[in-house]
Amino acid sequence: MGWRERGSRRLARGDVALVRLDVSPALDGVQAGLDEIAALERRGVRVLNRPAALLANHDKWQTAMRPADAEIPHPRTLHTTSLDEVRALQSPFVLKPHFGNWGQDVTLCRDPGEVERCLATIRERSWFRRPGLLVQDLVPPLGYDLRVVVAGGRVVGAGRREAAAGEWRTNVFLGGRFIPVNPPQAVAALAIDAASALGTDLVGADLLPDPGDGYVVIEVNGAADFNDDEESLAGRSIHADTAEALALGPTQLVTA
């Protein structure tokens with residue numbers, strides 16, 4: 001039985017549903033199920049990561065605009081459907097899908113030759129033909145970033161992600177290594193602010209070190225994976241801390 005059937009049959013007023021719908025495999029939107037989530041809310045179920053917030057997290061254009069509006073450091077980002085507009089820009093920069101996850105189809109363009117090679121690939125992608133692509137200022141990669149898990153406005157877990165050999169992206173999906181850390185106070189504050197700007201109850205915020213000073217928010221993931229062995233803060237449990245931060249008492253929780 002899938003989550004839709006479980007939610008439909010088991011959840012009632014006073015229960016809790018934590019929405020974990022991810023980006024579709026085609027990178028052209030969010031997985032199906034948002035309508036069912038809205039129906040749960042109408043029945044009085046407490047929904048965490050509500051549909052509008054989840055869409056804002058997976059839509060990388062909103063992930064860029066909302067932190068910028070809240071004056072949270074974030075790379076300058078352009079949304080376009082025009083390949084000629086991309087060609088006219090000064091490299092280096094990063095190209096990424098409008099909806100994205102796992103670092104897929106995120107490409108670094110360091111010169112006009114790389115721009116043309118990237119565009120030749122992107123123009124064949126179904127996600128480009130639908131919502132277009134994003135062009136983002138390059139934050140010079142230092143080989144690592146920080147993933148900070150925020151629940152209910154509180155940091156409940158974190159880790160340092162180190163890029164695999166020969167890879168500039170830090171995603172574990174692409175071979176990166178994850179090392180548990182307790183984030184610096186300034187990093188924790190930025191992650192909390194980013195989660196608040198996007199209206200998310202439970203989120204993984206990714207922050208890149210700025211070669212000048214401090215960190216910038218690069219991504220916010222409303223369906224971030226985590227476990228006790230890796231993401232927990234020193235001497236704590238990320239699952240227990242998340243439950244406490246979200247005020248999850250003796251109630252029935254279904255993850256969607």
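This is a short walk through one predicted model, from the whole chain down to single residues.

I'll start with the overall picture. The chain has 256 residues, and a compact globule of that length would have a radius of gyration near 18 Å; the value here is 19 Å, which agrees. Along the principal axes, the C-alpha trace spans about 55 × 40 × 35 Å. The secondary structure comes to 10 helices and 12 strands.

Next, burial and surface. Of the 256 residues, 49% are buried. The chain exposes about 11,900 Å², and carbon and sulfur atoms supply 49% of that area. As for contacts, take those between residues at least 6 apart in sequence: 66% of them join residues at least 24 apart. On charge, there are 28 positive and 34 negative side chains, and the centres of the two sets lie 5 Å apart.

Now to one element, helix 3, which covers residues 51-58. Is this helix enclosed by the rest of the structure or open? It is largely enclosed, because 6 of its 8 residues are buried. Those buried residues are Pro51, Ala53, Leu54, Ala56, Asn57 and His58. The cover over them includes two helices, helix 2 (34-42) and helix 4 (60-69). It also includes two strands, strand 10 (202-209) and strand 11 (215-221).

On to the cysteines. How many disulfides does a search of the whole structure find? The count is 0. Cysteine 109 is in no disulfide, and the nearest cysteine sulfur to it, that of cysteine 118, is 3.2 Å away. Why is there no bond between the sulfur of cysteine 118 and that of cysteine 109? At 3.2 Å, the two sulfurs are too far apart for a bond, since the cut-off for a disulfide is 2.5 Å. Both cysteines count as buried: cysteine 109 has 0% relative accessibility, and cysteine 118 has a relative accessible area of 11%.

Now two loop residues with a shared contact. Glycine 143 sits in the loop between strand 6 (133-137) and strand 7 (144-151). With 33% relative accessibility, glycine 143 counts as partly exposed. Leaving out residues up to four places away in sequence, glycine 143 touches Arg161, Glu162, Ala163 and Thr170. Asparagine 171 is in another stretch, the loop between strand 8 (154-162) and strand 9 (177-180). Asparagine 171 is buried, at a relative accessible area of 15%. Its contacts, again without neighbours within four places, are Trp102, Gly103, Arg161 and Gly176. So Arg161 appears in both lists, touching glycine 143 and asparagine 171. For a sense of distance, glycine 143 and arginine 87 are 56 residues apart in sequence, and their C-alpha atoms are 27 Å apart in space.

Alanine 197 belongs to helix 8, residues 185-197. Beyond its neighbours within four places in sequence, alanine 197 is in contact with Arg66, Pro67, Ala70 and Ile72. Tyrosine 215 is 18 residues from alanine 197 along the chain, with 17 Å between their C-alpha atoms.

Last, some backbone details. Which peptide bond is cis, with omega near 10°? That is the bond from serine 91 to proline 92. Proline 92 is in the loop between helix 5 (83-87) and strand 4 (93-97).

Two residues have positive phi without being glycine. One of them is aspartate 105, with phi near 60°. Aspartate 105 lies in the loop between strand 4 and strand 5 (107-109), and at 22% relative accessibility it counts as partly exposed. The other is alanine 247, with a phi of about 55°. Alanine 247 is in the loop between helix 10 (238-245) and strand 12 (253-255). Is alanine 247 buried or exposed? At 59% relative accessibility, alanine 247 counts as exposed.

To recap: helix 3 is largely enclosed by the rest of the structure, the search for disulfides finds 0, and the bond from serine 91 to proline 92 is cis. Again, this is a predicted model.

How values were computed:
Residues are numbered from 1 along each chain as its sequence is written. This is a predicted model: local features need pLDDT of at least 70, side-chain atom pairs count only at pLDDT 80 or more; totals for chains, interfaces and linings use all residues. Side-chain values use heavy atoms; hydrogens and water are left out. Helices (H or I, at least four residues) and strands (E, at least two) are DSSP runs, numbered from the N terminus. The radius of gyration is taken over C-alpha atoms; the globule rule is 2.2 Å times the number of residues to the power 0.38. Buried means under 20% relative accessible area, exposed over 50%, partly exposed in between (1.4 Å probe, protein chains only). Contact means heavy atoms within 4.5 Å. Accessible areas come from the Shrake-Rupley method with a 1.4 Å probe; for residues, only the protein chains shown count as cover. Lys and Arg count as positive and Asp and Glu as negative; His and the chain ends are not counted. The place of a charge is taken as NZ of Lys, CZ of Arg, CG of Asp or CD of Glu.
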